[in-house]
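Dear colleague,

Please find below the structure that I am handing over to you, followed by an account of what was found in it.

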Amino acid sequence: MSSHGEFALSEAPSTARKGLLPISMVLFSFTFFTGTMFAGGKLGMAFNFVDMLWIAAIGNGLLALYAAALALIASRSGLNTVLMGRFCFGEAGSRLSDFILGFAELGWYAWGAATVAIVLVKMLGLAEGFTVPLMIVFGFGFSITAIIGFKGLDVLSRISVPLMLVLMIVSMALATQHVGGFKALAAVIPHETMTFSAAITMVFGTFASGATQATNWTRLSRTGRVAVIASVVSFLLGNGLMVVAGAWCAIVYQQADIVEVMMLQGLSFAAVIMLCLNLWTIQGPTIYNVSAAACHLVRTERRRTMTLIAAAIGVVLAIGGMYEMLIPFLVLLGSVIPPIGGVIMADFWYRHHGKYPQLASVSLPRYNLRGLVSYAVGAILAYSSPWIAPLVGIAASALCYVVLLEIGKHRTQEAV
């Protein structure tokens, strides 16, 4: 086991396990993401205050339960999502989840690097020629904390999360004062429209990939209880607060962009600091996730090397226009990511009865066709469903996997 690999290809041992505070702080920093506030801003433009709160509560509640379900498996097994994928997709088949999860996080990383560069050029009045160099600087700079590993993410989150929380509360208070109090806020009539199911899907989908890959940290939890509590609190409160803050301010100013809102509030300098710190806290865990998936994809322990390669690809995507692709990217993620979690949950609880065998001691097939077919069914149904896509994907993939397992059992019994 490489000392720097952080168990990229094996179970996390008991000696590496951590308590509730460090796990929660890293997950909080992971969910405190500007992109989520942009999604919240879209809600604020389409729903009144009360309806927005209900949608945020339901969407984040479902997301938190999904994250907690995977976190419990991660804590019990010591495995992250890409390693769990070996059991339900096969030794070679698990590279499917490696690629999908790695690409999802890489897209977020590219969007974040592009966003901070574009906004800084705009807010500081710099020449357009600075945009690409800044994308390169931030694209590689954000990867430093991920190269350091869990310790770097933990230290940064303890600084940035409280500052971000204070700034959001100040911004929400200014917005409430500007509109004339809570009664006036509740009376604002939205100017745009969105269906309830689409809104829930957006809230869930914005962090579906993050919830699926939070196992990179929850597997380091000392107990299953720590993993579940940290996940529920972080995703329900952390992600929920980001959605509500973005929507709250959007209702008042009729502006979905939270940075633009803060400029309107006279918080321009604070907005720049918030953006940089916020994106740094999320970019570290994001590129860490990419490197974990990449390590498993090519079967290497060299996580730091994979981090730098992933950062370089992220920079190329940022320069290539990822900033403009956020909304279609989120729709795609909400459909293709959750079915991975659905297959994993069905495999762990139904097939393995809540306990994986040791990875090093088990011989796995190259491809688990039941898992791969179930994933495909879940992803297709989720993408084409008019209902809440992530829930459709999770339920359909899990149910399909259980049915295929039962069909396999009956065929074996008949053959005997």
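Helix H13, residues 224–253, is the main contributor to a nonpolar surface patch, supplying four residues. Please note that the model is a predicted one. The patch consists of Leu 20, Ile 229, Val 233, Leu 236 and Leu 237, and together these residues have about 370 Å² of accessible area. Ile 229 is found in H13 and counts as partly exposed because its relative accessibility is 32%.

Beyond H13, the loop that leads to helix H14 (258–264) contains Gln 254. This residue is not a glycine, yet its phi is positive, near 50°. Gln 254 is partly exposed, since its relative accessible area is 25%.

Helix H18 may merit your attention next. It covers residues 338–351, 14 in number, and spans 19 Å between its first and last C-alpha, close to the 20 Å expected at 1.5 Å a residue. Is H18 mostly covered or mostly open? It is mostly covered, with eleven of its 14 residues buried. The buried residues include Pro 338, Pro 339, Ile 340, Val 343 and Phe 348. Gly 342 is also located in H18, and its relative accessibility of 1% is why it counts as buried. Between the C-alpha atoms of Gly 342 and Gly 320 there are 33 Å in space, while the two residues are 22 apart in sequence.

Within H18, Arg 351 and Asp 347 are four residues apart, about one turn of the helix. In general, an α-helix has 3.6 residues a turn, so residues three or four places apart point the same way. Arg 351 and Asp 347 form a salt bridge, with 3.1 Å between the closest N and O atoms. Asp 347 counts as buried because its relative accessibility is 0%, whereas Arg 351, at 34% relative accessible area, is partly exposed.

Just after H18, His 353 has a positive phi of about 55°, although it is not a glycine. His 353 belongs to the loop between H18 and helix H19 (369–384). With a relative accessibility of 64%, His 353 counts as exposed.

The search of the whole structure for salt bridges finds six. One of them joins Glu 260 and Lys 122, with the closest N and O atoms 2.0 Å apart. This pair links distant parts of the chain, as Glu 260 is in helix H14 and Lys 122 in helix H5, 138 residues apart. Lys 122 counts as exposed, at 52% relative accessibility.

A further salt bridge is formed by the side chains of Lys 409 and Glu 406, at 3.5 Å from N to O. Both residues lie in helix H20 (residues 389–415), three residues apart, about one turn of the helix. Each is partly exposed: Lys 409 has a relative accessible area of 41%, and Glu 406 has one of 24%. Elsewhere, salt bridges with shared partners connect Arg 86, Glu 91, Asp 98 and Arg 299 in one network.

Finally, I turn to the cavities. Three of 30 Å³ or more are found in the whole structure, and the largest has a volume of about 50 Å³. Which helix gives the most to the lining of the largest cavity? It is H15, with three residues. Helices H5 (95–123), H11 (208–213) and H15 (268–298) each supply at least two lining residues. Among the residues that line this cavity are Phe 30, Phe 33, Trp 108, Phe 207 and Gln 283.

Yours sincerely

Technical notes
Residues numbered from 1 in each chain as written. Predicted model: local features only at pLDDT ≥ 70, side-chain atom pairs only at ≥ 80, totals over all residues. Heavy atoms only, no water. Patch = residues over 30% accessible without salt bridge, like charges linked within 9 Å, V, L, I, M, F, W, Y side chains within 5 Å. Areas by Shrake-Rupley, 256 points an atom, 1.4 Å probe, with all protein chains shown as cover. Salt bridge = Lys/Arg side-chain N within 4 Å of Asp/Glu carboxyl O. Buried < 20%, exposed > 50% of the residue type's maximum accessible area, 1.4 Å probe, protein only. Expected span 1.5 Å × (residues − 1). 1 Å grid on protein atoms, 1.4 Å probe; cavity = no way out; pocket = protein on both sides within 12 Å on 5 of 7 lines; lining within 4 Å. Points joined across faces, edges and corners; volume = space filled by probe spheres on them.
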